[in-house]
Amino acid sequence: MKFFIDTANLDQITEANDLGILDGVTTNPSLMAKEGISGEDNILKHYKKIAKLVDGDVSAEVISTDFKSMVAEGLKLADLADNIVVKVPMTKDGIKTISYLTEEGINTNCTLVFSAGQAILAAKAGATYLSPFVGRVDDINWDGIGLIKEIVKIYSIQGYMTEILAASIRSPLHIVQAAKAGADVVTCPLSSIMGLFNHPLTDSGLAKFLEDHGKLNKSK
Ligand code: E4P
C-alpha cells in the first residue's frame, strides 16, 4: 500500500518525506485555504513547490465545475510538473473531464466518492486514482472501511485498473484497516502517520536495552 500525506503544508510534507516512506501528496481546496494560499498564481506556485519536494504523485484539485473549464484548469495543472495528478470531483462533468484527460494521457484522481456506484463510474472513465472518503462516511454513522472493502471487491472482480486511494483518514487505526481492506493507497494527515509509531512496549523495551547496555559500558 502506498502512503500519501493529505496536506498542503510544506513543513509537514518535508517531515513525512524525510522518513523515507512517502509515496505522494494529496491536497484539496480546503487544505490549500488552511495554508492561506489564495489567487491563481499563488495556488499554481504552491503546487509547483509541493511537486518539487516529493518523488511521487501530487494531487491538485480543480475548482471549476463545468466540463470546459475543468478541462482547461486540468490541463494547466498537469502542465506544472510531471508528477501532478488532476483531482476532479465525482459529478457528471467531472466524469466527462476524467475521460477527456485520460485520453490526453493525464493522470487523474476522482474525489468526493461515497458509494460503490460512483466508484464504478470513475473506473469506467479511466481515473488513475479513486478517493473514497472513509472518515466522512463514518461521520454519518455509515461504514467507511466497509465502503473500501466493497470497492476492492468490485474492482478485483471487474479487473479495473484504477487505484483505490483511501481518503479522509482520521486515525492510525484507519490506516491499518485500509491496508487490511486492500486499498492501493492511503492518504492521511501527518498525525495519523506519526501515530503508527507509538507502542508503549517499544518505549519501555528501548529504555531497558539502553539501561542494560549502560550498566556494562559506563564511560570512565
Ligand atoms: C483527500 O483527498 C481528501 O480531500 C481528504 O482526505 C478529505 O479529508 P477530510 O474528510 O478529513 O477533510
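A molecule is said to sit in a pocket if more than half of its atoms lie within 2 Å of the grid points of that pocket. By that criterion the ligand in this predicted model sits in the largest pocket.

The space in the largest pocket comes to about 240 Å³. Its lining is made up of 16 residues, and those closest to the centre of the pocket are Asp6, Asn28, Leu31, Arg136 and Ser168. Sorted by character, the lining of the largest pocket holds seven polar, five nonpolar and four charged residues.

The ligand itself has a shell around it formed by Asp6, Thr26, Asn28, Lys87, Phe133, Arg136, Ala167, Ser168 and Arg170. In that shell, four residues are charged, three are polar and two are nonpolar. Three of the charged side chains can be followed to the ligand atom by atom. Asp6 places a polar side-chain atom 2.6 Å from an oxygen atom of the ligand. For Arg136, the distance from a polar side-chain atom to a ligand oxygen is likewise given as 2.6 Å. Arg170 has a polar side-chain atom 3.0 Å from an oxygen atom of the ligand. On its own the ligand would expose 350 Å², and the protein buries 84% of this area.

The second largest pocket contains about 180 Å³ of space. It is lined by 14 residues, with Ile43, Tyr47, Glu61, Ile63 and Glu73 the closest to its centre. Helices contribute to this lining: H2 (29–34), H3 (40–53) and H4 (67–78) supply at least two residues each. The largest share, four residues, belongs to H3. By character, the lining of the second largest pocket consists of nine nonpolar residues, four charged ones and one polar one.

Away from the description of the pockets, helix H1 offers detail at both of its ends. H1 covers residues 10–18, and at its start a side-chain oxygen of Asn9 comes to within 3.0 Å of the backbone nitrogen of Asp11. After H1 comes Gly20, which has a positive phi, near 80°.

To return to the ligand, which residues closest to the centre of the largest pocket should be kept in view? They are Asp6, Asn28, Leu31, Arg136 and Ser168; among the residues that surround the ligand are Asp6, Asn28, Arg136 and Ser168.

Conventions: Residues numbered from 1 in each chain as written. Predicted model: local features only at pLDDT ≥ 70, side-chain atom pairs only at ≥ 80, totals over all residues. Heavy atoms only, no water. 1 Å grid on protein atoms, 1.4 Å probe; cavity = no way out; pocket = protein on both sides within 12 Å on 5 of 7 lines; lining within 4 Å. Points joined across faces, edges and corners; volume = space filled by probe spheres on them. Nonpolar A, V, L, I, M, F, W, Y, C, P; charged D, E, K, R; others polar. Near = heavy atom within 4 Å. Polar contact = N/O pair within 3.5 Å; in protein donor to acceptor, adjacent residues only side chain to side chain. Areas by Shrake-Rupley, 256 points an atom, 1.4 Å probe, with all protein chains shown as cover.
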